[in-house]
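Subject: Structure handover

Hello,

Here is the structure I said I would pass on. My notes on it follow below.

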Amino acid sequence: MKIAIHGRNFPEKARPYIQSMFDELAKRQVEVVLSQIYREFLDGAGVAHNSEAVYQTDQGIAEADFIFSLGGDGTLLDAVTHVGATEIPIVGINIGRLGFLATVSPSSIRLMIDALFTEQYSIDERALVGVRSNPDIFGSLPFGLNDFTITRTQTSSMITVHTYLDGEFLNSYWADGLIVSTPSGSTGYSLSCGGPVLLPQTNNFIITPISPHNLNVRPMIVMDSCQLAFEVESRSGNFLAALDSRSFTVDASARISVQKEAFKARLVKLSDDNFLNTLRSKLNWGWDIRN
């Protein structure tokens, strides 16, 4: 078995679990390849990983049975870009607080490794949002798991986002910006702006305005089989375009289209991993100080 591993810095209390993970992989004679940036961190932190093989994050990993993401949901979003169209299954190990995407706790790492070897797991396929633009904005990584956003720059006033649905005019959003969210991203930025929560397998996008000037403008759910197109008016002559955690300043003359990406992100889920349980825990549903 060949496993790629990417991660970020971790609290000291997580060190024993991470070291135990590498020891277990070595014991099972797993071929491990580390992202270059994580290899450098592990060496500096004194974690024995027993691996000389590395891959560059800007080039991604071309071949592996699984990729482990050690961090939070943001780290897993990075791993999605490392995998890309290869659709290598991603194991999200949460080193910190409970995440919506990275759901394997440090104490469950050994159990998770055993589940991979005994094939006691399922694959949760998640739709990606794909962005095409003229001029090109996101280069070789024009896709994201959570959302695509158009927002004003820090120094500009509100922008106007003219939005088209399958070539037909939908609305001109006069706002601080606009979010196009996947079901996976419905619990992120879109939720904080009043958007609904969607189950991961729902075949939809959410169009969520950010601080709209007109209060009767509300989030809208559309089929993810449609194509969205955007034209932006801005007094500053530019705006910010972001795809998950990657953002760029874009000239207002840019033309942008959004649709579901041709490939998906494949997340590894253990038998006790349930989205509804995560949802209740993360959002404190049913929690009341009086109880």
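A salt bridge here is a side-chain nitrogen of Lys or Arg within 4 Å of a carboxyl oxygen of Asp or Glu. By that rule, E24, R28, R110 and D114 are linked in a network of salt bridges. Please keep in mind that this is a predicted model.

Salt bridges

The structure holds 15 salt bridges in total. Side chains of opposite charge can pair when their charged atoms come close. Apart from the network, I looked at three of the pairs.

D78 pairs with R8, with 2.7 Å between the closest N and O atoms. This salt bridge links distant parts of the chain, since D78 belongs to helix α3 and R8 to the loop between β1 (2-7) and α1 (15-27), 70 residues apart. Is D78 buried or exposed? D78 has a relative accessible area of 19%, and because the limit for buried is under 20%, D78 counts as buried. R8, at 38% relative accessibility, is partly exposed.

E12 pairs with R15, and here the closest N and O atoms are 2.8 Å apart. E12 is exposed, at 53% relative accessibility, while R15 is partly exposed, at 23%.

D176 pairs with R152, the closest N and O atoms being separated by 3.1 Å. D176 sits in the loop between β10 (168-175) and β11, and R152 in the loop between β8 (147-151) and β9 (159-165), so this salt bridge ties together parts that are 24 residues apart in sequence. Both ends are partly exposed: D176 has a relative accessibility of 22% and R152 one of 28%.

The two domains

The domain assignment splits the chain into domain 1 (2-121 + 270-283) and domain 2 (129-262). Their centres, taken over C-alpha atoms, are 30 Å apart. At the interface, 12 residues of domain 1 are in contact with 14 residues of domain 2. Between them the two domains bury about 1,000 Å², and 79% of this area is on carbon and sulfur atoms. Which three residues supply the most of what domain 1 buries against domain 2? They are L77, T81 and F275, which together supply 46% of that area.

How many salt bridges are there between domain 1 and domain 2? The count is 0. The search for residue pairs in polar contact across this interface, with both residues at pLDDT 80 or more, also gives 0. On the side of domain 1 that touches domain 2, the elements that give two or more residues are α3 (73-83) and α6. Of these, α3 gives the most, with 5 residues.

Helix α6

Helix α6 covers residues 275-283, and F275, T278 and L279 are buried in it. Seen down the axis of α6, the buried residues fall within an arc of 100°, so they line one face of the helix. The general background is that an α-helix has 3.6 residues a turn, so residues three or four places apart point the same way.

At the start of α6, a side-chain oxygen of N274 comes to within 2.8 Å of the backbone nitrogen of L276. The helix is followed by N284, which has a positive phi, near 55°.

Two buried residues

T187 lies in the loop between β11 (177-181) and α5 (189-192). With 13% relative accessibility, T187 counts as buried. Leaving out residues up to four places away in sequence, T187 touches F100, V197, F275 and L279. Two of these, F275 and L279, are among the buried residues of α6.

L267 is in strand β17, which runs over residues 255-269. How much of L267 is accessible? Its relative accessibility is 1%, and L267 counts as buried. Which residues does L267 contact, leaving aside neighbours within four places in sequence? They are L76, I90, L101, S122, I123, D124 and R126. L267 can also be set against D65: the two are 202 residues apart in sequence, but 12 Å apart in space, C-alpha to C-alpha.

If you want a place to begin, display α3 and α6, the elements that give two or more residues to the side of domain 1 that touches domain 2. From there, F275 leads on to T187, which it touches.

Regards

Methods: Residues are numbered from 1 along each chain as its sequence is written. Side-chain values use heavy atoms; hydrogens and water are left out. Buried means under 20% relative accessible area, exposed over 50%, partly exposed in between (1.4 Å probe, protein chains only). Helices (H or I, at least four residues) and strands (E, at least two) are DSSP runs, numbered from the N terminus. The arc is that of the directions from the helix axis to the C-beta atoms. A polar contact is a pair of N or O atoms within 3.5 Å; within protein, one must be able to donate a hydrogen and the other to accept it, and residues adjacent in sequence count only if both atoms are side-chain atoms. Domain bounds come from an automatic or database domain assignment. Contact means heavy atoms within 4.5 Å. Buried area is the accessible area (1.4 Å probe) that two parts lose on being put together, summed over both.
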